[in-house]
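User: I would like to learn how to read helix packing and burial from a model. Could you take me through some cases?

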Amino acid sequence: MKNFFSTRKGIIITGLVIGIIAATLQFFGNPANMGICVACFERDIAGAIGLHKAGVVQYIRPEIIGILLGAFIISMWKKEFKPRGGSSGIIRFFLGIFAMIGALVFLGCPWRASLRLAGGDLNAITGLAGLITGIAIGVFFIKKGFSLGRSYQQKGKLNGYIMPAFMIILFLFLIFNFSKIVLSTSGPGSQHAAIWISLVAGLIIGGLAQRSRFCTMGSFRDILMIRDFHLFFGVISFIIAAFIMNLIFGQFNPGFEGQPIAHTMHLWNFLGMVLSGLAFALAGGCPGRQLILCGEGDGDSGIFIFGMLTGAAFAHNFSLASSGKGIGEFGAYATIIGIIFCFVVGITMIERRKV
């Protein structure tokens with residue numbers, strides 16, 4: 001039986017649903033222009049479990065838990081759950097670190113960049129331009145033969161169960177208010193929809209994204225590599241749906257100045273997302289896609305996610321992350337170092353083709 005969500009109608013419906021859910025989550029309490037942001041929400045989780053001490057961004061986000069578990073449940077049901085791994089783990093870990101640093105210099109992942117644009121934040125334009133530029137550089141390396149190496153099916157299924165189990169533990173920490181987790185009482189971390197609304201939203205997104213292969217990085221990569229616009233229809237639908245819902249909810253505020261959780265340093269908005277886009281392209285997926293792959297049993301994506309959690313810790317412990325006032329004290333240095341790291345990875349991991 002054909003998978004409907006792999007069709008053009010399916011990817012468009014997926015984009016529309018995720019856009020509606022994202023804007024609605026904002027209406028129900030999530031931060032402005034941040035109905036869904038995989039990077040920001042993983043940063044909040046990192047803070048909640050004590051990896052950083054930024055008091056305004058600490059919360060266990062049920063959306064992240066739901067996305068991964070939604071993909072896990074659907075992949076098990078459709079018999080697409082396949083534990084695998086072994087592809088350049090340490091490189092993927094550091095790609096995750098620098099992907100997160102770039103995202104926190106810009107203040108958002110590709111999903112939030114799209115939501116910021118749908119909410120009228122015109123600073124997102126330079127961020128999206130940077131994202132596409134970073135992906136284009138990654139495509140250049142891929143066309144030259146870049147590869148992080150083959151992943152292999154793992155013995156047994158335990159490798160694939162670990163990340164879903166980790167998500168369940170995080171959820172138990174949240175609902176039982178485990179005394180060792182830290183939750184913000186002010187700032188973006190304190191702004192959230194009800195736990196069960198967020199969890200159900202994440203489960204729906206995870207299920208749909210697993211079936212459709214929804215991926216923002218992949219949409220631009222496919223256009224640049226093979227002129228395939230299939231995934232791009234999903235991304236455009238996502239932005240249009242969020243834009244319309246923002247108009248309905250009165251959440252649309254066009255302009256550059258005074259945008260929520262955003263700054264106007266365009267050069268670093270651009271370069272931050274160049275770094276993230278390049279890291280995502282080399283790792284094979286945007287943060288949302290990495291969660292989906294992890295739910296399907298991909299241990300390499302799990303390593304990338306832990307890299308992002310670690311990157312959030314570095315970003316906030318070492319003044320790399322931006323705020324509404326601008327980039328962090330050492331954010332520029334970290335961004336440049338990250339871009340250099342990605343270029344080194346891209347160049348050195350090009351495989352020579354056999355003649």
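Analyst: What follows treats two helix pairs, one helix on its own and two single residues. The model is predicted.

User: How are two packed helices described?

Analyst: Two packed helices are described by the angle between their axes and the distance between the axes. Here, helix α3 (residues 62–77) and helix α7 (residues 158–175) pack at about 140°, and their axes are 10 Å apart. Angles over 145 degrees would count as roughly antiparallel, so α3 is oblique to α7.

User: What is the hand of the crossing of α3 and α7?

Analyst: The crossing is left-handed. On the α3 side the contact is made by P62, I64, I65, L68, L69, F72 and M76. The α7 side supplies Y161, M163, P164, M167, I168, L170, F171 and L174.

User: How do the residues of the contact of α3 with α7 divide into nonpolar, polar and charged?

Analyst: There are 15 nonpolar residues, with no polar and no charged ones.

User: At what angle do α6 and α11 pack, and how far apart are their axes?

Analyst: The angle is about 35° and the axes are 6 Å apart. This crossing is right-handed. From α6 (residues 124–143), the contact includes G127, G130, G134 and G138; among the α11 residues they meet as a group are N269, F270, M273 and G277. The contact of α6 with α11 divides into 13 nonpolar, nine polar and no charged residues.

User: What span should α11 have, given its number of residues?

Analyst: Helix α11 (residues 266–283) has 18 residues, and at 1.5 Å a residue the expected span is 26 Å. Its end C-alpha atoms are 26 Å apart, which agrees. Of the 18 residues, 14 are buried, so α11 is largely enclosed by the rest of the structure. Just after α11 comes G284, with a positive phi of about 95°.

User: Is V139 buried or exposed?

Analyst: The cut-off for buried is under 20% relative accessible area. V139, in helix α6, has 4% and is therefore buried. Apart from neighbours within four places in sequence, V139 is in contact with R221, L224 and M225. V139 and K53 are 86 residues apart in sequence, and their C-alpha atoms lie 36 Å apart in space.

User: Which helix holds S219, and what does S219 contact beyond its neighbours within four places in sequence?

Analyst: S219 belongs to helix α9 (residues 216–226). Its relative accessible area is 0%, so S219 is buried. Leaving aside those neighbours, S219 is in contact with D228, L231, F232 and V235.

Technical notes
Residues are numbered from 1 along each chain as its sequence is written. This is a predicted model: local features need pLDDT of at least 70, side-chain atom pairs count only at pLDDT 80 or more; totals for chains, interfaces and linings use all residues. Side-chain values use heavy atoms; hydrogens and water are left out. Axes are lines fitted to C-alpha atoms, for helices over the stretch in contact, and angles run from 0 to 180 degrees between N-to-C directions. Helices (H or I, at least four residues) and strands (E, at least two) are DSSP runs, numbered from the N terminus. Angles under 35 degrees count as roughly parallel, over 145 as roughly antiparallel, 65 to 115 as roughly perpendicular and the rest as oblique. A crossing is left-handed if the near helix is turned anticlockwise from the far one by less than a right angle, and right-handed if clockwise. Contact means heavy atoms within 4.5 Å. Ala, Val, Leu, Ile, Met, Phe, Trp, Tyr, Cys and Pro count as nonpolar, Asp, Glu, Lys and Arg as charged, and the others, Gly among them, as polar. The expected span of a helix is 1.5 Å times one less than its number of residues. Buried means under 20% relative accessible area, exposed over 50%, partly exposed in between (1.4 Å probe, protein chains only).
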